[in-house]
Amino acid sequence: IPNVKWSDIGGLDDIKKELKQAVEWPLKNAEQFKKLGITPPRGVLLYGPPGTGKTLLAKAVATESEANFISVKGPQLISMWVGESARGIRKIFQRARQVSPTIIFFDEIDAIASSRGMHSDSGNSEQVVNQLLTELDGIESLKDVVFIAATNRPDMLDAALLRPGRIDKMIRINAPDEKTRLSILEVQSKNMHLDKEVSKKEIAKKTEGYTGADIEGMLR
Ligand code: ATP
């Protein structure tokens, strides 16, 4: 279980709310959801430019839902299981079910789940996408496993993955605006001793185009 809290993430209030409703509530209140006849999303896709906090958000939702967190990077899965990535995927979902409630986080999912037919690697990536689809279909609703994927390239994903009942919630995370940059600055500098001449407001104004990761680098 990671230890990132909602309060460690500056701004992004709407996105936090969406994730709470889509992931945290169903994991924490499975019975109530069942009673009300609501099927929560099985999979959530976070997409947007690099460094905007996608990984951080996935970790925070796992912490706050008191769920186990299995984090996988697309390219890592391919290199660890050369020719056998499909088996790797099966194992990950198996493990997730064993230790549920679990959030499976797939970073850089475009590396393994790009459109079938786009590769020339003797069918390995096709097997991977097929296995992923099978596993997603097998996550019975309210069985305490939620799949969260992140990518900078949503356009490259296989359309079958994004069908309702699979990854059926897509959340876009944009580069932060001035107000969000100020919140990020505040969160990230809370343990730093800054001179009183330093105006975070002024810095937020001057850092148009900076992501959360850029602001972290600047502070360092
Ligand atoms: P990538 O697409 O490259 O994987 P990402 O969107 O997953 O990037 P993160 O790894 O979550 O980005 O963020 C990188 C770093 O930027 C984090 O470690 C964090 O310190 C900082 N960061 C980004 N967004 C925020 C935010 N809203 N509040 C606080 N810190 C942030």
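These questions and answers concern helix packing, nonpolar cores and buried residues in a predicted model.

Trainee: How are H7 and H9 oriented to each other?
Mentor: Helix H7 covers residues 178-188 and helix H9 covers residues 212-219. Their axes come within 10 Å and cross at roughly 45°. Angles from 35 to 65 degrees fall outside the roughly parallel and roughly perpendicular ranges, and H7 and H9 are therefore oblique to each other.

Trainee: Is the crossing of H7 and H9 left-handed or right-handed?
Mentor: The handedness depends on which way the near helix is turned from the far one, with clockwise counting as right-handed. For H7 and H9, the crossing is right-handed.

Trainee: How many nonpolar, polar and charged residues has the contact of H7 with H9?
Mentor: H7 brings Arg 181, Ile 184, Leu 185 and Gln 188. H9 meets these residues with Gly 212, Ile 215, Glu 216, Met 218 and Leu 219. Sorted by class, the contact has 5 nonpolar, 2 polar and 2 charged residues.

Trainee: At what angle do H1 and H3 pack?
Mentor: Two packed helices are described by the angle between their axes and the distance between the axes. For helix H1 (residues 13-28) and helix H3 (residues 54-64), the axes are 10 Å apart. H1 passes H3 in a right-handed crossing, and the angle is about 40°.

Trainee: How many charged residues are in the contact of H1 with H3?
Mentor: On the H1 side are Ile 15, Lys 16, Leu 19, Val 23, Glu 24 and Lys 28. On the H3 side are Leu 57, Val 61 and Glu 64. By class, this contact has 5 nonpolar residues and no polar ones; its charged residues number 4.

Trainee: What covers the buried residues of H3?
Mentor: The buried residues of this helix are Lys 54, Leu 57, Ala 58, Ala 60, Val 61, Ala 62 and Thr 63. The covering elements include H1, E1, E2, E3 and E4.

Trainee: Which element gives the most to the largest nonpolar core?
Mentor: In soluble globular proteins, nonpolar side chains tend to be buried together. The largest core here has 26 residues, and Phe 106, Ile 109, Ile 112, Leu 132 and Phe 147 have the most contacts inside it. Elements that each supply at least two residues include strand E1 (43-47), helix H5 (85-98) and helix H6 (124-138). With 5 residues, the element that gives the most is H6.

Trainee: Does Ile 148 count as buried or exposed?
Mentor: Ile 148 lies in strand E4. Leaving aside neighbours within four places in sequence, its contacts include Val 23 and Val 44, as well as Ala 58, Val 61 and Phe 106. Buried means under 20% relative accessible area. Ile 148 has 0% relative accessibility, so it counts as buried.

Trainee: Why does Tyr 47 count as buried?
Mentor: Tyr 47 is in strand E1. Not counting residues up to four places away in sequence, Tyr 47 touches Lys 54, Thr 151, Pro 154, Met 170, Ile 171, Arg 172 and Ile 173. The cut-off for buried is under 20%, and Tyr 47 counts as buried because its relative accessibility is 17%.

Trainee: How many Å apart in space are Tyr 47 and Met 218?
Mentor: Met 218 is one of the H9 residues that meet H7. In sequence, Tyr 47 and Met 218 are 171 residues apart. In space, C-alpha to C-alpha, they are apart by 24 Å.

Conventions: Residues are numbered from 1 along each chain as its sequence is written. This is a predicted model: local features need pLDDT of at least 70, side-chain atom pairs count only at pLDDT 80 or more; totals for chains, interfaces and linings use all residues. Side-chain values use heavy atoms; hydrogens and water are left out. Axes are lines fitted to C-alpha atoms, for helices over the stretch in contact, and angles run from 0 to 180 degrees between N-to-C directions. Helices (H or I, at least four residues) and strands (E, at least two) are DSSP runs, numbered from the N terminus. Angles under 35 degrees count as roughly parallel, over 145 as roughly antiparallel, 65 to 115 as roughly perpendicular and the rest as oblique. Contact means heavy atoms within 4.5 Å. Ala, Val, Leu, Ile, Met, Phe, Trp, Tyr, Cys and Pro count as nonpolar, Asp, Glu, Lys and Arg as charged, and the others, Gly among them, as polar. A nonpolar core is a set of buried Ala, Val, Leu, Ile, Met, Phe, Trp, Tyr and Cys residues joined through side-chain atoms within 4.5 Å. Buried means under 20% relative accessible area, exposed over 50%, partly exposed in between (1.4 Å probe, protein chains only).
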